Amino acid sequence: MTETLFNPKTCEFAEFDAETRRLLRATVNWFESRGKQRLLADARDRIWYSEFLDFVKSERVFATFLTPAAEANGDPNKRWDTARIAMMSKILGFYGMQYWYVWQVTILGLGPIWQSPNAEAKARAAALLDSGEIFAFGLSEQAHGADVYSTDMVLEPNSSQARGGARGGFIATGGKYYIGNGNAAAMVSVFGRRADKPIIDSSDFLRKMAEEEYSGYLFFAADSRHKNYKLRKNVIDSQMYVAAFDLDNYPVAAADILHTGRAAFDAAMNTVNVGKFNLGFGAIGACEHAMYESVTHAENRKLFGHRVTEFPQVKSLLVDCYARLLAMKLYSERAIDYMRSADENDRRYLLFNAIEKMSVTRNGQQLFEDLADVIAARGFENDTYFAMALPPMFGLPRLEGTVHVNMALSLKFMPNYMFHPSYAGLAALRYLPGAGVAPKPAVRAVSDALSWTSRRAAKPASRAVPKLKSEFASAAYAPVPVRRDSADDEFLFRQGPSSGLGRIRFEDWRPVFERFAHIPNVAVFLEQAQALQTLLAVATPTAEQQRDVDFLFGIGELFTVIPFAQLILEQAEIEGVDAPVLDQIFDLFVREVSSHAVTLHGKPSASKAQQTRALDLIRRPVADAARFERVLTQVRGLAGAYAMND
């Protein structure tokens, strides 16, 4: 049950098959037998985790979890199973983000390989995984960051270059930066461009480009142990290795080429789609460990004759942290189902995936900030998990595409998500004189009436209007089941072009909220969501505002919390989560939406109508002292429930 925090000492991993359970338990046992003091000492001394990688090799952990069935050579335990990958991400985050990191960047490094048509490279990668090797993803460069169009990794065609004397291939020269595992990866998936082809002008990247403009770009595999691979340094002060490296006349054979042209760009984006999903689960694991440690400390510490957990401000912080963590867990569990059920006709996972990366990790960062106010100086002491985990928690929202990148991606889905075909009638709002600045009760009454009428008239109308019928069909999906089955998620390596996001349709988001509207703060939140829908209908961002990223982020903060809440309720329905817990989660959401509404109201470029309608989203959550105390009792019950072996 998501309502119960993960306790590695008691978790049975019952939802998985026998071999998965064995490997998850073996991983937990490795950390617990190593002990907290050794774990913290290795982190402080920045000891490369070779002993952990020896364990990974001996148990074939990465090989079993990260080899798709197509490359498994008949091994029934090998498959790419997002559910068990997520659980491993949570376990590794629970014990230390540095251990999660070596796993995470191996996943990223494998992405372009498993998507490649190069059978030889895939067979090589599978064999290397079997032998316990790690992988790396060579996309970033210090000078260019996310601007991959401007890459300075340049490949010169080489008519005499050879692997074993064969003609063809390239000579690669250039540098990469921020490359995890770049010190020891057996295969580094490197993005670069040909010297004999034109480079795309990244200042004009928003325009639609012809396929031939991509022709000079490619992905290839490099070996960090090759003499022409020059490891420069670890760019961070940490146990994990984030490399800067140069390729100096590095020979790239035809057998090393993974993707060319537009396919290289798609491989980069689709790899990030697969890899960034795990950031949220790493954050959840870290937050769960920090929650146990912090509550235990606060419950056992007495000041001025009272336990720290009895101070009013601490009670509020702890209840918010607990609600935030359960929200992260509920959302993430349901997002797994959408990831695993995705196919060419259902790409909704691209929105939920971006939110998993962006919203779950930011909530994790906020949780750590709030817990720091609970445990104060204790959080800096060198014998705590908290002190070790704190810096990485600020990094997670900024990895695999920054918050800004993922917010911009999420906004591409907003029109189709917020305005299901059954809400077509709401478009009339923008034509009503004064709707932008009219009093809130009047606008809400009209909006509710239009929405009610539209939802009930749209389906009958769709039977008579072919275009509307087509719109309804494109937004209809089979129910997404719980996916903890032992299946291979092979679609993730054939996602196809990374374009066409504006054509993805969503089902009506309101029914699940309406099913939970008996919970007071869910009902208040639904009012806020409907007010945002009205704002977007009455005061749609202008073309100029749509180029103002700062303004759009104000809209995005309001929008993304709605799909976040939707999946939380879907998972709550599956698990039967207690109403008081959900009410407390939505108490938090109501306050945060209100805060974002004030921010949008204050944006310099917001129109008068947008300023007015933004204030319609401000609500006071429904307070309930008994509910609060019930949740607080659950939080205080975490004290002493888990402590890592010394």
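Helix α1 buries Thr20, Leu23, Leu24, Ala26, Thr27, Val28, Trp30, Phe31, Glu32 and Arg34, where buried means under 20% relative accessible area, exposed over 50% and partly exposed in between, with a 1.4 Å probe and protein chains only. Helices here are DSSP runs of H or I with at least four residues, strands are runs of E with at least two, and both are numbered from the N terminus. The buried residues of α1 pack against α2 (36–44), α3 (50–59), α4 (61–66), α5 (82–95) and α6 (97–114), a contact being heavy atoms within 4.5 Å. As for length, α1 runs over residues 18–34, and its end C-alpha atoms are 24 Å apart, which agrees with the 24 Å that 17 residues should span at 1.5 Å a residue. The expected span is 1.5 Å times one less than the number of residues in the helix.

A word on the model itself: it is a predicted one, in which local features need pLDDT of at least 70, side-chain atom pairs count only at pLDDT 80 or more, and totals for chains, interfaces and linings use all residues. Residues are numbered from 1 along each chain as its sequence is written, and side-chain values use heavy atoms, with hydrogens and water left out. The chain averages a pLDDT of 92, and 92% of the residues score at least 70; pLDDT is the predictor's confidence in each residue, from 0 to 100. For residues 161–166 the pLDDT drops below 50, and this stretch has 14 contacts in the model beyond near neighbours in sequence.

Back among the helices, α6 is mostly covered, with 18 of its 18 residues buried. From first C-alpha to last, α6 reaches 25 Å, close to the 26 Å expected. Helix α9 (residues 277–300) tells a similar kind of story: 21 of its 24 residues are buried, so α9 is largely enclosed by the rest of the structure. The end C-alpha atoms of α9 sit 36 Å apart, which agrees with an expected 34 Å.

Leu92 belongs to helix α5 and is buried, with a relative accessible area of 0%. Setting aside neighbours within four places in sequence, Leu92 touches Thr27, Phe31, Phe52, Met97, Tyr99, Trp100 and Trp103. Thr27 and Phe31 are themselves among the buried residues of α1. Leu92 and Ala283 are 191 residues apart along the chain, yet their C-alpha atoms are separated by 9.8 Å.

Further along, α19 (residues 549–575) packs with α11 (residues 349–375) at an angle of about 100 degrees, their axes 10 Å apart. Axes are lines fitted to C-alpha atoms, for helices over the stretch in contact, and angles run from 0 to 180 degrees between N-to-C directions. α11 and α19 are therefore roughly perpendicular to each other; angles of 65 to 115 degrees count that way, while those under 35 are roughly parallel, those over 145 roughly antiparallel and the rest oblique. On the α11 side the contact includes Leu351, Phe352 and Ile355, and on the α19 side Phe559, Pro563 and Phe564 are among the residues met. The residues of this contact divide into nine nonpolar, three polar and two charged. Here Ala, Val, Leu, Ile, Met, Phe, Trp, Tyr, Cys and Pro count as nonpolar, Asp, Glu, Lys and Arg as charged, and the others, Gly among them, as polar.

α19 also meets α10 (residues 312–340), with axes that come within 8 Å and cross at roughly 85 degrees. That makes α10 roughly perpendicular to α19. Among the residues making the contact are Tyr331, Arg334 and Tyr338 of α10 and Pro563, Phe564 and Leu567 of α19. The split is twelve nonpolar, two polar and five charged.

Outside the helices, a couple of residues have a positive phi without being glycine. Phe13, in the segment before α1, has a phi of about 55 degrees and counts as buried at 1% relative accessibility. Arg46 has a phi near 55 degrees and is found in the loop between α2 and α3; with a relative accessible area of 44%, Arg46 is partly exposed.

His144 lies in the loop between β1 (135–138) and β2 (154–157) and is partly exposed at 22% relative accessibility. Beyond its neighbours within four places in sequence, His144 is in contact with Ser150, Thr151 and Asp152.
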